[in-house]
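Trainee: I am new to this structure and would like to go through it with you. May I put some short questions?
Mentor: Certainly; please begin once it is on display.

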Amino acid sequence: MKSLHLFSLLLSYPTQDLQAVCSEIRDRLSADKSLPPDTAKRLHPLLTRLAASDVYDAQEAYVELFDRGRAHSLHLFEHVHGESRDRGQAMVDLRQRYLDGGLEPQGNELPDYLPLFLDYCSTLPDPLARETLAEPGVVLIALAARLAEKQSDYSALFELLCDIAGLEMDEEAANSLPPA
């Protein structure tokens, strides 16, 4: 599941460096036999938009989608714990899990930031990576549904994460998080 790192890159803040490697990401996703065979096809609209957009437009769209409001937040525990004290302890536990697994988080992102979580999962053996990816399953399903409703090209990425984790996209799960 090393390719989960590529999903992490696609969910990160768009940069010119990311734009420059979109074609390589597409090729690597196409070549990875552990992913659904139509992965690159499903991500084609996202990869094409990211590669072809003005970087400032891509950044503005990203901030508008993921950073304004809780509905599409890439911070997993925000959907489950909100601002409660439970979120703090969950962060400490997750950070320790990363450290125990040999991943030293870089930068100032919180441990529950989905791209960081995907990077952690990419270091695990395939079965354990799928099992770990399924842990925040309700959040992944809800985000996939919310992004599909907004007709965002990021929805395909979340749907693929659900497929990889073996999660079933059902209406009950899609609506199980508190409204944001």
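Trainee: Is Arg28 buried, partly exposed or exposed?
Mentor: Arg28 is partly exposed, as its relative accessible area is 47%. Buried stands for under 20% relative accessible area, exposed for over 50%, and partly exposed for what lies in between, using a 1.4 Å probe and protein chains only. Please note that this is a predicted model, in which local features need pLDDT of at least 70 and side-chain atom pairs count only at pLDDT 80 or more, while totals for chains, interfaces and linings use all residues. Residues are numbered from 1 along each chain as its sequence is written, and side-chain values use heavy atoms, with hydrogens and water left out.

Trainee: Which residue forms a salt bridge with Arg28?
Mentor: Glu24 does, and the closest N and O atoms are 3.8 Å apart. A salt bridge here is a side-chain nitrogen of Lys or Arg within 4 Å of a carboxyl oxygen of Asp or Glu. Both residues belong to helix H2 (residues 16-31), where they are four residues apart, about one turn of the helix. Glu24 is partly exposed too, at 44% relative accessibility.

Trainee: How many salt bridges are there in the whole structure?
Mentor: The search finds eight. Among them is the pair Arg70 and Glu78, with the closest N and O atoms 3.7 Å apart. Arg70 is partly exposed at 37% relative accessibility, whereas Glu78 is buried, with a relative accessible area of 12%. In addition, Asp38, Arg42 and Asp163 are joined into one network by salt bridges that share partners.

Trainee: And what does Arg68 pair with?
Mentor: Arg68 forms a salt bridge with Glu64, their closest N and O atoms being 2.6 Å apart. Arg68 is exposed, with 54% relative accessible area, and Glu64 is partly exposed at 48%. Both residues also help to line the largest pocket.

Trainee: How much space lies in that largest pocket?
Mentor: About 150 Å³. On a 1 Å grid over the protein atoms alone, a pocket is an open set of points where a 1.4 Å probe fits, with protein on both sides within 12 Å along at least five of seven lines; lining residues have an atom within 4 Å of a point. The volume is the space filled by probe spheres set on the points, which are joined across faces, edges and corners.

Trainee: Which helix gives the most to the lining?
Mentor: Helix H4 (residues 55-67) does, with five residues. The lining as a whole divides into five nonpolar, two polar and five charged residues. Ala, Val, Leu, Ile, Met, Phe, Trp, Tyr, Cys and Pro count as nonpolar, Asp, Glu, Lys and Arg as charged, and the others, Gly among them, as polar.

Trainee: Changing topic, why is helix H7 described as largely enclosed?
Mentor: Helix H7 (residues 114-122) is largely enclosed by the rest of the structure because eight of its nine residues are buried. These include Leu116, Phe117 and Tyr120.

Trainee: How many helices and strands does the protein have?
Mentor: It has eleven helices and zero strands. Helices (H or I, at least four residues) and strands (E, at least two) are DSSP runs, numbered from the N terminus.

Trainee: Finally, what share of the residues is buried?
Mentor: Of the 180 residues of the protein, 48% count as buried. The C-alpha trace spans about 40 × 35 × 35 Å along its principal axes.
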